[in-house]
Amino acid sequence: MMKNICIVTGARPNFVKVAPIIRAIHRASDEGADVACQLVYAGSEKDSTLEPTLFDDLQMPHPDFYLGVDCASLNELTGRVMGEFEQYLNAHPTDVVIVVDDLASTMAVAIVTKKRGIRLAHLVAGTRSFDITMPKEINRLVIDGLSDLLFTAGVSSNSNATREGAEMHKIYMVGNILMDSLRLSHGRLRRPSVLDKLGLDASGYVVFTLNRRALLADKDNLRQMLEAVVATGLPVVAPLRDESAKVVKSLRLTAPQFHVVSPLPYLEFGWLTAHAKAIITDSGNVAEEATFNGVPCITLNSYTEHIETVKQGSNVLVGEDAARLSDALAVLQRGEWKKCSLPDRWDGRTAERIVQTLLAM
């Protein structure tokens, strides 16, 4: 009997994580397994965050179905996604729904799935900030609590899930799915032309990314942090989107070596970070990729979803503290950055493990 798998994404970073699973399902089907999948996106086809090259860069198909939900209010978004996904399930026979990460749309899909009695799998389960005031932390708790299959990236995520009462037979430590995409893309990465325009060489620049609302809201503190960065004298390349670019530019830093540039396609951003001297970011995904590439990474946050990036990897947490950021940069410039290694099962075979688990059900 055919097993129909629905994979739901809610934002651009989700596609990087599901692309390897779609390829693994197609491979299993080609080898004779009775399995098929559909890719559903909560947003619309006209979503400006999905650059035209994204799906080609990831070697994956475009979504089969768009829910078309786009609104600023998280509560409104949750309700609308629930309604649209209910209609999707009415029209498409589905045996398993895979949801990714911790978005409001992810939680909405999880609730509808369980109300319909359909098996639910959570990719990147067990991640926690332990800050219940964060909307994403609430989403994580709800999604993990509802899920029949918890696909985790490492031991710490397993521990979080079991501590909260998840049954052991539901938890599968499959590894970090981002590594699958990185390994596949490694030989296809493209040097961004912006480096030539800026006259920068590999390993001679720092990459800076910024997205968290808390950092953007406190402009005085953000200015202090950026001043700590430019005080190093190192060239900085900052591919920033919309609001982040607007806020940083409004600070009018007198630092010609700090370059705010347009967002880059997946393969170009991958090249930029893989060849950087260091990365300063508030993104967990970027920090995980830095660990894979062995590039020093400073995270502007007091926690990380994957503590493996700190314990074994190249990542250091400095919170939102300009002094701690300055100290970390001093260590970098002295050439004393810690040694790092890849955590267990961050080997590029996560999608294989996931599909094997789904087919064995």
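With which residue does Arg128 form a salt bridge? In this predicted model, the partner of Arg128 is Glu164, and the closest N and O atoms of the two residues are 2.6 Å apart. Arg128 is located in the loop between strand S5 (119-123) and H5, whereas Glu164 belongs to the loop between helix H6 (155-163) and S7, so the contact ties together parts of the chain that are 36 residues apart in sequence. The two partners can also be described by their accessibility: Arg128 is buried, with a relative accessible area of 4%, while Glu164, at 42% relative accessibility, counts as partly exposed.

The salt bridge of Arg128 and Glu164 belongs to a set of 17 salt bridges found in a search of the whole structure. Another of these contacts is made by the side chains of Asp148 and Lys114, for which the N to O distance is 3.0 Å. This pair likewise links distant parts of the chain, since Asp148 is in the loop between H5 and S6 and Lys114 is in helix H4 (residues 104-115), 34 residues apart. Lys114 counts as partly exposed, its relative accessibility being 28%.

Within helix H5, a salt bridge is formed by the side chains of Arg140 and Glu137, at 2.8 Å from N to O. Both residues lie in this helix and are separated by 3 residues, or about one turn of the helix, and both Arg140 and Glu137 are buried. Salt bridges with shared partners further join Glu137 and Arg140 with Asp102 and Glu305 into one network.

Helix H5, which comprises residues 135-146, also contains Leu141, and this residue counts as partly exposed because its relative accessibility is 33%. Together with Ile132 and Ile138, Leu141 forms a nonpolar patch on the surface, and the accessible area of the three residues together is about 250 Å².

Aromatic contacts were examined across the whole structure, and the search finds 7 aromatic pairs. For Phe151 and Tyr172, the ring centres are 6.0 Å apart and the planes stand at 55 degrees, so this pair is tilted. The contact links distant parts of the chain, with Phe151 in strand S6 (residues 149-152) and Tyr172 in strand S7 (residues 171-173), 21 residues apart. Phe151 is buried, with a relative accessible area of 1%, whereas Tyr172 is partly exposed, with a relative accessible area of 29%. Elsewhere, Phe15, Tyr41, Phe55 and Tyr66 form one aromatic cluster.

With regard to the cysteines, the count of disulfides comes to 0. Cys297 is in no disulfide, and the cysteine sulfur nearest to it, that of Cys340, is 11 Å away, whereas a disulfide would require the sulfur atoms to be within 2.5 Å. Cys297 counts as buried, at 0% relative accessibility, while Cys340 is partly exposed, with a relative accessible area of 32%.

Finally, Ser250 was considered in its local setting, which is helix H11 (residues 242-250). The side chain of Ser250 reaches the backbone oxygen of Val247 at 2.5 Å, and Ser250 counts as partly exposed, at 36% relative accessibility. Ser250 and Thr106 are 144 residues apart in sequence, and their C-alpha atoms are 34 Å apart in space.

Notes:
Residues are numbered from 1 along each chain as its sequence is written. This is a predicted model: local features need pLDDT of at least 70, side-chain atom pairs count only at pLDDT 80 or more; totals for chains, interfaces and linings use all residues. Side-chain values use heavy atoms; hydrogens and water are left out. Patches are made of residues with over 30% relative accessible area and no salt bridge: like charges are joined within 9 Å, nonpolar side chains (Val, Leu, Ile, Met, Phe, Trp, Tyr) within 5 Å. Accessible areas come from the Shrake-Rupley method with a 1.4 Å probe; for residues, only the protein chains shown count as cover. A salt bridge is a side-chain nitrogen of Lys or Arg within 4 Å of a carboxyl oxygen of Asp or Glu. Helices (H or I, at least four residues) and strands (E, at least two) are DSSP runs, numbered from the N terminus. Buried means under 20% relative accessible area, exposed over 50%, partly exposed in between (1.4 Å probe, protein chains only). A polar contact is a pair of N or O atoms within 3.5 Å; within protein, one must be able to donate a hydrogen and the other to accept it, and residues adjacent in sequence count only if both atoms are side-chain atoms. Rings of Phe, Tyr and Trp (its six-membered ring) pair if their centres lie within 6.5 Å; planes under 30 degrees apart count as stacked, over 60 as edge-to-face and the rest as tilted.
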